[in-house]
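This briefing walks through the fold of one protein and a few of its residues. Please keep the sequence and the model open while reading.

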Amino acid sequence: MCDCFWLTRNLSAAAMETYHVYVYTGDKFGAGTDANVYIVLFGDNDDTGEVWLKTSKTNKNKFERKQMDEFVIEAVDIGELKKIQ
Ligand SMILES: [Ca+2]
């Protein structure tokens, strides 16, 4: 195993950022869903790629109607957030 691989891993680990993502589920019929929801954060340096919103910090049952869910995700440092998809 070459040294460069190890160096790259260290650098990427140091560049990880924690993001808190807040998702409000509307009150339209059928809005509450447990389907797999993915988001992508776009910054001025990079984007996170697709991130699965797996576990809500605020609610055991995520994505219920008129509910705010908080998700904590770890991803690369994308710089200043520009867009969420
Ligand atoms: Ca649900």
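The points below begin with the chain as a whole and then turn to individual residues.

The structure is a predicted model, and it contains one helix and six strands. In sequence order these elements follow the pattern α-β-β-β-β-β-β. Buried residues account for 5% of the 85 residues in the protein, and of the contacts between residues at least 6 apart in sequence, 67% join residues at least 24 apart.

**Strand β1 and Tyr 24**

- Tyr 24 belongs to strand β1, which spans residues 16-25, and this tyrosine is classed as exposed because 10 other C-beta atoms lie within 10 Å, where the cut-off for exposure is 12 or fewer.
- Although Tyr 24 and Arg 65 are 41 residues apart along the chain, their C-alpha atoms are separated by 8.4 Å in the model.

**The loop between β4 and β5**

- Phe 63 is placed in the loop that runs between β4 (51-52) and β5 (67-76), and Lys 66 is placed in the loop between β4 and β5 as well.
- Most residues other than glycine have a negative phi.
- Phe 63, which is not a glycine, nevertheless has a positive phi of about 60°, while Lys 66, also a residue other than glycine, has a positive phi near 55°.
- Phe 63 counts as partly exposed because it has 18 other C-beta atoms within 10 Å, a number that falls between the limit of 12 or fewer for exposed residues and that of 20 or more for buried ones.
- Lys 66, by contrast, is exposed, since 10 other C-beta atoms are found within 10 Å, and the limit for that class is 12 or fewer.

**The loop between β3 and β4, and Asn 45**

- Asn 45 lies in the loop between β3 (41-43) and β4, and it counts as exposed because it has 12 C-beta neighbours inside 10 Å, which still satisfies the criterion of 12 or fewer.
- When neighbours within four places in sequence are left aside, the residues in contact with Asn 45 are Asp 77, Ile 78 and Gly 79.
- The C-alpha atoms of Asn 45 and Lys 82 are separated by 9.8 Å, with the two residues lying 37 residues apart along the chain.

Notes:
Residues numbered from 1 in each chain as written. Predicted model: local features only at pLDDT ≥ 70, side-chain atom pairs only at ≥ 80, totals over all residues. Helix = DSSP H or I, 4+ residues; strand = E, 2+ residues; numbered from the N terminus. Contact = placed C-beta atoms within 7 Å.
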